Amino acid sequence: MTTRVEIWTDINCPFCYLGKARFEQALAAFEHRDDVDVVHRSFELDPTLPADESGPVIPHIADKYGISVEQAAANERGIGAQAGELGLPYRTSGRDYGNSFDMHRLLHFALDQGRQDALIDALYAANFADEAPLFADTERLVTVAVGAGLDETAVRGVLADPDAYAEDVRRDERQAAQLGATGVPFFVLDNKYAVSGAQPTEVFTRALETAWNDRPAPVTVTADDATCGPDGCAI
């Protein structure tokens, strides 16, 4: 008997970074953790972004929400403080944002290679902790993927073929829409129980226990401000 956890995320989303860490805290303490299968699913916060362009996050946040650059910077510092509580490195300035479609394609490739979790961790680290920009830079993406244990030639082959794993990404996004997911992170356990947002660890603990015991009534938990939606991060 196993429990399957599917997690819809986007590398642009800081709450996905936090949510993964909180979920993993719950999973590490879960009695049946060795019988839980975790799969990461694709959700693009903004699929309209040009693939060859990127920009700084803080002015982007200020523009999107109609707030000052100073307020946007304060929001980033607030997320950084949450990350620090989890022991996660987080650069509160100097990060970029951009189109994540190729990253999602590589995550599906990595799933086939048994390296998906390693790659998503490497992508999060590259985006939220490292100084080098991540988006709109094929060579940077290759370096990150190879560092996660993937073969360089194979990675370059996937990136060179725009159709490789593209339908897998689109399928995930269609499924997210069918499930009613409008923001990420979005966790689905055994196709019955859903948790939305970077919830506290104890919420994930209860969800794992509920899914394992297969209670008859589905449970959905939503978050007000710990999720990223199609219009960006609610920060």
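Colleague: How many residues in the lining of the largest pocket are nonpolar, polar and charged?

Modeller: In this predicted model, the lining residues of the largest pocket comprise nine nonpolar, two polar and four charged ones.

Colleague: How is such a pocket found, and how much space lies in the largest one?

Modeller: Empty space is revealed by rolling a probe the size of a water molecule over the atoms. In this structure, the largest pocket holds about 230 Å³ of space. Its lining consists of 15 residues, and those nearest the centre are Ala-51, Asn-99, Asp-102, Ala-136 and Leu-141.

Colleague: Which helices each supply at least two residues of that lining?

Modeller: Both α4 (101-112) and α6 (138-147) do so. The greatest contribution comes from α4, with three residues.

Colleague: Turning to the whole protein, what does its secondary structure come to?

Modeller: The protein has nine helices and nine strands.

Colleague: How should the radius of gyration of the protein be read?

Modeller: The value is set against that of a compact globule, which for 235 residues would be near 18 Å; the protein has 17 Å, and therefore agrees with it. The C-alpha trace spans about 45 × 45 × 30 Å along the principal axes.

Colleague: What share of the residues is buried, and how much area does the protein expose?

Modeller: A residue is called buried when its relative accessible area is under 20%. Here, buried residues account for 50% of the 235. The exposed area is about 10900 Å², of which carbon and sulfur atoms supply 48%.

Colleague: What share of the contacts between residues at least 6 apart in sequence joins residues at least 24 apart?

Modeller: Of those contacts, 74% do so.

Methods. Residues numbered from 1 in each chain as written. Predicted model: local features only at pLDDT ≥ 70, side-chain atom pairs only at ≥ 80, totals over all residues. Heavy atoms only, no water. 1 Å grid on protein atoms, 1.4 Å probe; cavity = no way out; pocket = protein on both sides within 12 Å on 5 of 7 lines; lining within 4 Å. Points joined across faces, edges and corners; volume = space filled by probe spheres on them. Helix = DSSP H or I, 4+ residues; strand = E, 2+ residues; numbered from the N terminus. Nonpolar A, V, L, I, M, F, W, Y, C, P; charged D, E, K, R; others polar. Rg over C-alpha atoms; globule rule 2.2 N^0.38 Å. Buried < 20%, exposed > 50% of the residue type's maximum accessible area, 1.4 Å probe, protein only. Contact = heavy atoms within 4.5 Å. Areas by Shrake-Rupley, 256 points an atom, 1.4 Å probe, with all protein chains shown as cover.
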